[in-house]
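Please look over the sequence and the model before reading on. The paragraphs below walk through them step by step.

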Amino acid sequence: MDLFIGDNYLVTFHLKPLLSIETVQQRLLQHPSGFNKGVSYIAYAVLDQLVDYFPIVYEIEDKLNEIESKDTKKSIALLMNDVFDIQSDLLKLRKTILPEQHHSSFSLFRL
């Protein structure tokens, strides 16, 4: 996502719809007073939503706790499938976070 900030505008460019932008947009439409906080606040809100990985991390944690639980009645094959699913989720998360870290620090450096 590219982000352009002016004195009284914010433009984002992205190839696919982003939930973070839709979330901030809905929040602003429900609470228009957020517009009074300025463009910087809105940009911060978008970036904050964009890098909010806690729900994903909590979901992975729940899956791991379920596997670790002694009460699990699943076969080894099913447990291994769960482990591979978690590994896939972690790889996706890593592939998302690392480029954003680079772009965020690069963009802030350029400002």
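What follows goes from the overall layout to helix packing and then to charged pairs.

Start with the layout. This is a predicted model. The protein chain has 4 helices and 2 strands. Read from the N terminus, the order is β-β-α-α-α-α. The strands therefore precede the helices in the chain. Of the 111 residues in the protein chain, 17% are buried. Now consider contacts between residues at least 6 apart in sequence. Of these, 49% join residues at least 24 apart.

Next, the helix packing. Two packed helices are described by the angle between their axes and the distance between the axes. Helix α1 spans residues 19–30, and helix α2 spans residues 39–50. Their axes lie 8 Å apart, at an angle of about 135 degrees. That angle makes α1 oblique to α2, because it falls outside the range of 65 to 115 degrees and is not over 145. The crossing of the two helices is right-handed.

Which residues make the contact between α1 and α2? From α1 come Ser20, Ile21, Thr23, Val24, Arg27 and Leu28. From α2 come Ile42, Ala45, Val46, Gln49 and Leu50. Sorted by class, this contact has 7 nonpolar, 3 polar and 1 charged residues. Arg27 is the charged one, because Arg counts as charged. Ser20, Thr23 and Gln49 are the polar ones.

Turn now to the charged pairs. Side chains of opposite charge can pair when their charged atoms come close. The model has 4 salt bridges, counted with a cut-off of 4 Å between nitrogen and oxygen.

Take Asp89 and Lys63 to begin with. These two form a salt bridge, and their closest N and O atoms are 2.8 Å apart. Asp89 sits in helix α4 (residues 76–110), while Lys63 sits in helix α3 (residues 54–68), so the pair ties together parts that are 26 residues apart in sequence. Is Lys63 buried, partly exposed or exposed? Its relative accessibility is 28%, so Lys63 counts as partly exposed. This pair also belongs to a wider group. Glu59, Lys63 and Asp89 are linked in a network of salt bridges.

Lys74 is the next residue to find. Its side chain meets that of Glu66 in a salt bridge, at 3.3 Å from N to O. Lys74 also forms a salt bridge with Asp82, where the closest N and O atoms are 2.7 Å apart. How accessible are Glu66 and Lys74? Glu66 has 42% relative accessibility and so counts as partly exposed. Lys74, at 32%, counts as partly exposed too.

Finish with a residue in helix α3, Leu64. Leu64 has a relative accessible area of 42%, so it is partly exposed. Its partner for comparison is Val83, 19 residues away along the chain. The C-alpha atoms of Leu64 and Val83 are separated by 8.0 Å.

Key: Residues numbered from 1 in each chain as written. Predicted model: local features only at pLDDT ≥ 70, side-chain atom pairs only at ≥ 80, totals over all residues. Heavy atoms only, no water. Axes fitted to C-alpha atoms, helices over the stretch in contact; angles between N-to-C directions. Parallel < 35°, antiparallel > 145°, perpendicular 65-115°, else oblique. Left-handed = near helix turned anticlockwise from the far one by under 90°. Contact = heavy atoms within 4.5 Å. Buried < 20%, exposed > 50% of the residue type's maximum accessible area, 1.4 Å probe, protein only.
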